[in-house]
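Subject: The model we talked about

Hi,

Here is the model I promised to send over. Have a look at it first, and then read on for what I found.

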Amino acid sequence: MEQPKETIGTKKDLVLYRLQTARSDLKSARILLEAGEYRGANNRAYYAIFHAINAVHAVSGKAYKRHKDAIGSFNKDYVKTEIFPREIGRKIAEAEEIRHVSDYDDFYIASREESQRQVAVAEEFLQMAEQYCMAHI
């Protein structure tokens with residue numbers, strides 16, 4: 001069955017939705033950081049990055065279900081080609097690792113300083129992703 005036209009979004013709509021989701025995750029990360037909930041802040045900072053990566057992919061019409069695939073493709077298509085700086089690729093890899101241990105390692109203790117770094121990386125990348133997306137949609 002065909003969807004009614006008013007429920008079908010454009011590529012631009014998808015990019016903007018994903019950027020908004022990333023901004024919302026970043027806002028949550030800041031709130032959790034200020035509340036001293038560092039593990040949660042790490043999680044939300046990573047998801048802000050992840051949703052921003054998916055916004056960048058949406059510009060070219062790509063979509064990935066698995067984090068590994070989305071990040072791998074981002075690194076291949078955007079970091080190795082230096083559309084985004086290599087340093088941000090390293091920071092994203094670290095954010096993914098920190099999110100993973102924050103979520104799954106029972107004995108991992110997240111620090112305020114580490115969470116502040118993760119939120120800062122998410123802010124930095126989201127700004128880059130927004131600039132890229134707005135220039136290309």
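A quick definition before anything else: a helix here is a DSSP run of H or I with at least four residues, and helices are numbered from the N terminus. By that count, Glu-114 has its place in helix H5. Do keep in mind that this is a predicted model.

Let me stay with Glu-114 for a moment, as I'd like you to look at it. Buried means under 20% relative accessible area, and Glu-114 comes out at 11%, so this residue counts as buried. Leaving out residues up to four places away in sequence, Glu-114 touches Asn-42, Ile-98 and Tyr-108. The C-alpha atoms of Glu-114 and Tyr-38 are 8.2 Å from each other, with their positions 76 residues apart along the chain.

Now the helix packing, beginning with H1 and H2. H1 covers residues 11-34 and H2 covers residues 38-59. The two pack at an angle of about 165°, and their axes are 8 Å apart. An angle over 145 degrees counts as roughly antiparallel, and H1 and H2 are therefore roughly antiparallel to each other. Their crossing is left-handed. Sorted by class, the H1 contact with H2 holds 17 nonpolar, 5 polar and 4 charged residues.

H1 also packs against H5, here at an angle of about 160° and with 10 Å between the axes. That makes H1 roughly antiparallel to H5 as well. The crossing of H1 and H5 is left-handed. On the H1 side, the residues making the contact include Val-15, Leu-16, Leu-19, Ala-22 and Leu-26. From H5, Val-119, Ala-122, Leu-126 and Ala-129 are among them. Charged residues take part too, including Arg-23 and Arg-30 of H1 and Glu-123 and Glu-130 of H5. In total, the H1 contact with H5 has 13 nonpolar, 2 polar and 6 charged residues.

What about H2 and H4: how do those two pack, and at what angle? The angle is about 135°, with the axes 9 Å apart, so H2 is oblique to H4. H2 passes H4 in a left-handed crossing. H2 brings Arg-39, Asn-42, Asn-43, Tyr-46, Tyr-47, Ile-49 and Ile-53 to this contact, while the H4 residues include Ile-92, Ala-95, Ile-98 and Val-101. By class, the contact of H2 with H4 divides into 8 nonpolar, 3 polar and 4 charged residues. Asn-42 and Ile-98 should ring a bell: both belong to this contact, and both touch Glu-114.

On to the inside of the model. The largest nonpolar core has 36 residues, and the ones with the most contacts inside it are Phe-74, Phe-84 and Phe-125. H1, H2, H3 (67-79), H4 (86-104) and H5 (112-136) each supply at least two residues of this core. Which helix gives the most to this core? That is H2, with 13 residues. If you want one residue to centre your view on, try Phe-74. Apart from its neighbours within four places in sequence, Phe-74 is in contact with Ile-53, Val-56, His-57, Val-79, Phe-84, Ile-92 and Phe-125. Two of the other core phenylalanines, Phe-84 and Phe-125, are on that list.

A few single residues to finish with. Ile-137 sits in the segment after H5 and counts as partly exposed because its relative accessibility is 34%. Not counting residues up to four places away in sequence, Ile-137 touches Lys-12, Val-15, Leu-16 and Val-59. Its C-alpha atom is 7.9 Å from that of Lys-11, although the two are 126 residues apart along the chain.

Lys-76, in helix H3, is exposed, with a relative accessible area of 57%. From Lys-76 to Asn-43 the C-alpha separation is 24 Å, with the two 33 residues apart in sequence.

Last one: Glu-82, in the loop between H3 and H4. Phi of Glu-82 is near 65°, a positive value in a residue other than glycine. Most residues other than glycine have a negative phi. Glu-82 is also exposed, at 54% relative accessible area.

Shout if you'd like to go through any of this together.

Cheers

Technical notes
Residues numbered from 1 in each chain as written. Predicted model: local features only at pLDDT ≥ 70, side-chain atom pairs only at ≥ 80, totals over all residues. Heavy atoms only, no water. Axes fitted to C-alpha atoms, helices over the stretch in contact; angles between N-to-C directions. Parallel < 35°, antiparallel > 145°, perpendicular 65-115°, else oblique. Left-handed = near helix turned anticlockwise from the far one by under 90°. Core = buried A, V, L, I, M, F, W, Y, C linked by side-chain atoms within 4.5 Å. Buried < 20%, exposed > 50% of the residue type's maximum accessible area, 1.4 Å probe, protein only. Contact = heavy atoms within 4.5 Å.
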